[in-house]
Amino acid sequence: MLDITYIRENTDAVKQGMIHKGEKDTSLVDQALVLDAKWRDGVTRLDRSRSELNQISGQVGAMMKSGRKEEAQTLIQQTQTLKEEIKELDKSVPELRNELDQVLYQIPNVPDPSVPVGSTPDDNVIHSEWGSPRHEDHLKPHWELAEQNHWLDFQRGVKVAGAGFPFYVGEMARLQRSLISFFLDSAVDAGYTELQAPLFVNEDSARGTGQIPDKEDMMYVIPKDGFFAIPTAEVPVTNFHRDEILEIDQLPVFYAAHTPCWRREAGSYGKDVKGLNRLHQFDKVELVKMVHPDQSDEELESLREHAESLLKALKIPFRTLLMCTGDMGFTQTKKYDLEVWSSGQKRWLEVSSCSNFGSFQARRMKLRYRTESGKTEMLHTLNGSGLALPRVMAALLEQYQRPDGRVDVPEVLKSRMGTDIIGSV
C-alpha cells in the first residue's frame, strides 16, 4: 500500500494515478486523508494525556508526602478523568488506524513516470522484438500436435478435476520437466537462491502481495483451513521475509521457485482457453527480488533481460511490451510483458510479466532493511515469471514442428530430454 505521508504530500498525483489505472472514483484518497487527520489527532491527544497524567501523578505523590492531602484530592480527580480519556483513546486510536489501513489497501500503486498512459492493450509500447517467427500456412496449433502424439489428455482431466486441469502424458510431461530444470538452473547461475515454497498461503500472505483486496475472485479458497491455493509463487516467496528487518549487507535478495499455480480465470472463453492457452492449474518458475530502493529500476531491467535470455536460448521468437497504465495491475508501478509468437495460432501469447512494485508490497508486509545509520526503511520488491510453462510449451511445439507432426527438441534441452526429436509419424 502507499505511504499515507506520500498521499498527503502528493494527493493530486495519487488521484491521477488511479484515473490512469482505470479507477473512475478517487474518493478513497479523500477518505484516507480524513481518517489520517482523525488518527493523527487521536495520537496527539493520547500522547498529551499520558504526559499530563505522568506530570500530575508526580505532583500528587509530592503533595501526599508533604501532607497536603486536600490539595492532592483535586489533582487525583483530574487523574481519574485523564485515565478515562486515555482508556477511550487507547481503544479508538488503533481502531482509526485499522480503518485507515483498510482504505489504504484499496488504493492502487502509482504508475512510474516512464509508463505510457493508456487504457487498452493497444496503448502498450513495443520495447523490443527478437527472432524470426514462422508463418507457413500448414503450421498446426499445438493442440492438434498434442492430439496426434497423445501428449495431452483433457478429457481425463475433466473427469478427475474439471476443465482446465489436463494430464501431461509421456514426452510432454518430460518436456515440461526439462524446461523447469532449465529455468531453475539458469536462475541459480544468475545468482538466485532456489526455494521450495508452500503451495497454500494464509490471508495475511495474500494481503501482503496485493491479491487481497484485488484478486479474490481469481483464487481458489480452502475455507475450512483459511488457506488460498497460490495463484503464483510470488505470494509465498515474497512473504518469506514478511515482518522482518534485513541488514543492508544482505541486499539484494534474489529467490527462484518452481510451483504449480491455480487460477479460476472466470469469464475466459473461446480461442483464449483452447489447448494450453489458459489453464486453471499450470506450472511456473517465479523470480523474486528484494532490493534497496535506489536499485529497483536497474533490477527491473535485469529481471526483464534474464527472462528474455531464456526465450533466446530456446530460440522462440518473442516481443517485449512496456505496459500502459490501464493494462497494468493494481500493485505494479511499472511492468514489462514478454509475449512469444504462436506459429500455429498466428498470434502473441504472454509468457512472463516482470514487475516493479516499489515499496507497495513491502509496506503491507512490513518488509524493511536497516540503513547504515541504523534507521529502518521499506525495501522494494520485484518479480517476474522465468517462465510460465503452458504457453512456452505451446509456442515451442508450434515453432519447432515438422510437417509430419513430430517436434524438434531445442538445442538447450536435448541433453535433458535425451533425444533430438519427440513424437511419432
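Here are a few notes on how helix 7 packs, on the nonpolar cores, and on one buried loop residue.

1. First, a reminder: this is a predicted model. Keep that in mind for every value below.

2. A good place to start is helix 7, residues 171–189. Against helix 12 (residues 389–399) it packs at about 115 degrees, and the two axes are 11 Å apart. Angles of 65 to 115 degrees count as roughly perpendicular, so helix 7 is roughly perpendicular to helix 12. The crossing of these two helices is right-handed.

3. Who meets whom there? On the helix 7 side you'll find Met 172, Leu 175, Gln 176, Leu 179, Ile 180 and Phe 183, and they meet Leu 389, Val 392, Met 393, Leu 396 and Leu 397 of helix 12. Sorted by class, that contact has 10 nonpolar residues, one polar and no charged ones.

4. Helix 7 also packs on helix 10 (residues 296–314), here at about 135 degrees and with the axes 11 Å apart. That angle makes helix 7 oblique to helix 10. Once again the crossing is right-handed. Leu 179, Phe 182, Phe 183, Ser 186 and Ala 187 of helix 7 make the contact with His 306, Leu 310, Ala 313 and Leu 314 of helix 10. By class, that comes to seven nonpolar, two polar and no charged residues.

5. Now the cores. Which members of the largest nonpolar core touch the most other members? Out of its 52 residues, they are Leu 179, Phe 183, Leu 314, Leu 396 and Leu 413. Helix 7 gives this core its largest share, eight residues. A separate core has 19 residues, Leu 35, Leu 96, Phe 330 and Phe 360 among them.

6. Phe 183 deserves a look of its own, as it appears in the helix 12 contact and in the helix 10 contact. Leaving out residues up to four places away in sequence, Phe 183 touches Val 285, Leu 310, Leu 314, Gly 386, Leu 387, Leu 389 and Val 392.

7. Finally, have a look at Val 115, in the loop between helix 4 (69–104) and strand 1 (125–130). Is Val 115 buried or exposed? Buried means under 20% relative accessible area, and Val 115 has 6%, so it counts as buried. Its C-alpha atom is separated by 7.3 Å from that of Leu 322, although the two residues are 207 residues apart along the chain. Not counting residues up to four places away in sequence, Val 115 touches Met 323, Cys 324, Thr 325, Met 328, Thr 333 and Lys 334.

Technical notes
Residues numbered from 1 in each chain as written. Predicted model: local features only at pLDDT ≥ 70, side-chain atom pairs only at ≥ 80, totals over all residues. Heavy atoms only, no water. Axes fitted to C-alpha atoms, helices over the stretch in contact; angles between N-to-C directions. Helix = DSSP H or I, 4+ residues; strand = E, 2+ residues; numbered from the N terminus. Parallel < 35°, antiparallel > 145°, perpendicular 65-115°, else oblique. Left-handed = near helix turned anticlockwise from the far one by under 90°. Contact = heavy atoms within 4.5 Å. Nonpolar A, V, L, I, M, F, W, Y, C, P; charged D, E, K, R; others polar. Core = buried A, V, L, I, M, F, W, Y, C linked by side-chain atoms within 4.5 Å. Buried < 20%, exposed > 50% of the residue type's maximum accessible area, 1.4 Å probe, protein only.
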